[in-house]
Amino acid sequence: MAGGLLRSNVVASQEVHAKWGGVVPELASRAHQEHIVPVVREALDAAGIAVKDLDAVAFTRGPGLIGALLVGACFARSMAQALRVPLLAVDHVQAHVMAHFIRDGEDRPRPSFPFLNLTVSGGHSQLVLVRSPLDMQVVGRTLDDAAGEAFDKGAKVLGLPYPGGPLVDRNARSGDALRFALPKPAIEGLDLSFSGIKTAFVALVNREELRQPGFKETERADLCASLQHAIIDHLMAKLRRAIRELGVNQVGIAGGVAANSGLRLRLAELGRREGVDVFVPPMAYCTDNAAMIAMAGHHLLEAGQFAPLDVVPVPRTH
Ligand code: KG4
Ligand code: ZN
């Protein structure tokens, strides 16, 4: 990234997770170790710059898996120290919000401050009031599972490979979303919950599969559509409530689940109904990516918020 403009965005393939049906922490950190040097090299080559041209090094401090975070933190600390440039410790969940502001030469509408953001990923589900790139207030959060987890666990019981979210999305397109009724979480205020939906879905599939073997294959489209509908309904209900309570007129979504086509459609509909502008980052900036970390780092650099060289990763924020 140069002056807030993206120069390259390289993401290593995540096939190790698909092979084992989920994220195995030890394997994830080993994959980070194997990939980090070639990925940095590729990113520099694609940007057409040399290591000595770097003004700063940004890395993800957390939240995330400690083993993987440690690999990135150690690498970034060493690189910043060797190059004598500032080290920028980025918050993973805040960086997802910065996906709206990545400048890559494409012209698209962007939210202005303040706005409300729904950040939904495999590890987090939050409603955030974004006052500036460095001032974000979490106004609601999941009390149990993340939205992405509900997609992934639902996909797993259907026998779909990890991560299942994109596959549920694809299968749901030809399914009947009202075929299987799932619970509507009754959580007060702006907090969220997905474990009830997940548990009911897993129980439904296991019960029916016992009664009629092959059920989960023959009914796959309707099952995926019903699961997706239940998750999105809950997200939309909370988003609507937050829009009204906070009186915002701009709403964004970010994180891996923001890549979901059903969620994107329902968000547009909600925006029209509530009279608010909605913002959705391009797909490539929704799921975990380097560009969003660089964008968040750019603002830390501008604000002079540098991390000490002995900074340690934080696996969770609360
Ligand atoms: O943000 P992300 O790449 O990683 C985390 O920070 O967790 O999000 C990954 C999550 C996974 O749970 C994945 O299944 C979900 O995002 N996801 C989707 C879609 N694409 C990715 N969920 C539903 N529909 C999609 N199209
Ligand atoms: Zn993420």
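## Zinc site, ligand contacts and nonpolar cores

His92 is buried, with a relative accessible area of 15%, whereas Asp288, at 46% relative accessibility, counts as partly exposed. These values, like the others in this report, come from a predicted model.

### The zinc ion

Both residues belong to the zinc site, since the protein donors of the zinc ion (ligand 2) are His92 and His96, each through NE2, and Asp288 through OD, at distances of 1.9 to 2.1 Å from the ion. Along the sequence, these donor residues follow the spacing H-x3-H-x191-D. The pair His92 and Asp288 links distant parts of the chain, for His92 lies in helix α4 (residues 92-98) while Asp288 lies in the loop between β7 (277-279) and α11 (290-303), 196 residues apart. The angles among the four donor atoms run from 99 to 135°, and the site is classed as irregular.

### Ligand 1

Ligand 1 is surrounded by 18 residues, of which the closest are Gly122, Asp152, Asp169, Asn260 and Asp288. Asp288 is thus both one of these closest residues and a donor of the zinc ion. The table lists three contacts between ligand 1 and N or O atoms of the protein.

| Residue | Part of the residue | Atom of ligand 1 | Distance |
|---|---|---|---|
| His96 | side chain | oxygen | 3.1 Å |
| Gly148 | backbone | oxygen | 3.3 Å |
| Asn260 | side chain | nitrogen | 2.9 Å |

His96, which appears in the table through its side chain, is also one of the zinc donors.

### The nonpolar cores

In soluble globular proteins, nonpolar side chains tend to be buried together. The largest nonpolar core in this model has 48 residues, and those with the most contacts inside it are Ile231, Leu235 and Leu239. Several helices and strands each supply at least two residues of this core, including β3 (115-120), β4 (125-132), α7 (195-211) and α10 (261-274), but the largest share, twelve residues, comes from α9. Leaving aside residues up to four places away in sequence, Leu239 touches Leu116, Leu118, Leu127, Val251, Leu267 and Leu270. Another core, of 21 residues, lies apart from the one just described, and among its members are Leu6, Met98, Ala291 and Ile293.

### A buried serine

Ser125 is found in strand β4, and because its relative accessibility is 1%, Ser125 counts as buried. The side chain of Ser125 reaches the backbone nitrogen of Ala147 at 2.8 Å. Not counting residues up to four places away in sequence, the residues that Ser125 touches include Thr119, Val120, Gly140, Arg141, Leu192 and Phe194.

Conventions
Residues are numbered from 1 along each chain as its sequence is written. Chains are lettered from A and ligands numbered from 1 in the order in which they are written. This is a predicted model: local features need pLDDT of at least 70, side-chain atom pairs count only at pLDDT 80 or more; totals for chains, interfaces and linings use all residues. Side-chain values use heavy atoms; hydrogens and water are left out. Donors are N, O and S atoms within 2.8 Å of the metal (3.2 Å for Na, K and Ca); water is not among the atoms, so sites may look incomplete. Four donors count as tetrahedral if all angles lie between 85 and 135 degrees; four count as square planar and six as octahedral if opposite donors are over 155 degrees apart and all others between 65 and 115; anything else is irregular. Helices (H or I, at least four residues) and strands (E, at least two) are DSSP runs, numbered from the N terminus. Buried means under 20% relative accessible area, exposed over 50%, partly exposed in between (1.4 Å probe, protein chains only). A nonpolar core is a set of buried Ala, Val, Leu, Ile, Met, Phe, Trp, Tyr and Cys residues joined through side-chain atoms within 4.5 Å. Contact means heavy atoms within 4.5 Å. A residue is near a molecule or strand if one of its heavy atoms lies within 4 Å of it. A polar contact is a pair of N or O atoms within 3.5 Å; within protein, one must be able to donate a hydrogen and the other to accept it, and residues adjacent in sequence count only if both atoms are side-chain atoms.
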